[in-house]
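Visitor: Please take one part of this model and go through it closely. Give the cut-offs behind each term as you use it.

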Amino acid sequence: MKTVQKKFNEALLLFVIQIVLYGLLCVNYRAVALTNYHEAAVSDFAIATMNFFVIRKIAKSEEALHQWIGYVLGSVVGSYLGIYVSVLINT
C-alpha cells in the first residue's frame, strides 16, 4: 500500500506534466491554425514525448484514483495557461 505522501507526489507530478502538455496542445493548435510549420513540428515532438512518459507512468501503477485527479486537474489548468501563452507567442 502506498503512503499518502507518495500518492500526493505522484498526483502532483501528473498535475505538472499535464499543465505543460495541455499548454503545448494549445500552442500547437494555434500553430496549425496559423500554418506555422516549425512551431507545430516542435510542439508535436514535445507532445508525443510527454505522452509516452505519461502512459508509461500510469501503466506501471496499481492504484489510479490519485493519478487521475492530478491528471485531470493539470489538464484543465494547462488549457487555461496554454491559451494565454499561445496568444502571447502569436501576437
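Guide: W68 is found in helix α3, which spans residues 65–89; helices are DSSP runs of H or I with at least four residues, strands are runs of E with at least two, and both are numbered from the N terminus. The model is predicted, so local features need pLDDT of at least 70 and side-chain atom pairs count only at pLDDT 80 or more, while totals for chains, interfaces and linings use all residues. Residues are numbered from 1 along each chain as its sequence is written, and side-chain values use heavy atoms, leaving out hydrogens and water.

W68 counts as exposed because its relative accessible area is 53% (buried is under 20%, exposed over 50%, partly exposed in between, with a 1.4 Å probe and protein chains only). W68 also belongs to a nonpolar surface patch of about 750 Å², together with L65, I69, V72, L73, V76 and Y80. Patch residues have over 30% relative accessible area and no salt bridge, with like charges joined within 9 Å and nonpolar side chains (Val, Leu, Ile, Met, Phe, Trp, Tyr) within 5 Å; areas come from the Shrake-Rupley method with a 1.4 Å probe, only the protein chains shown counting as cover for residues. A salt bridge is a side-chain nitrogen of Lys or Arg within 4 Å of a carboxyl oxygen of Asp or Glu.

H66 lies in α3 as well, but H66 counts as buried because its relative accessibility is 11%. Residues up to four places away in sequence aside, H66 touches K2, K7, E10 and A11 (contact means heavy atoms within 4.5 Å).

Helix α3 is also among the elements that cover the buried residues of α2, as is α1 (4–33). Those buried residues are E39, A40, S43, I47, M50 and V54. Helix α2 covers residues 37–59, 23 in number, and reaches 32 Å from its first C-alpha to its last, close to the expected 33 Å (1.5 Å times one less than the number of residues).

E39, in helix α2, is buried because its relative accessibility is 17%. Apart from neighbours within four places in sequence, E39 is in contact with V27, A31, I89 and N90. The C-alpha atoms of E39 and N28 are 7.2 Å apart, with the two positions eleven residues apart along the chain counted as their separation.
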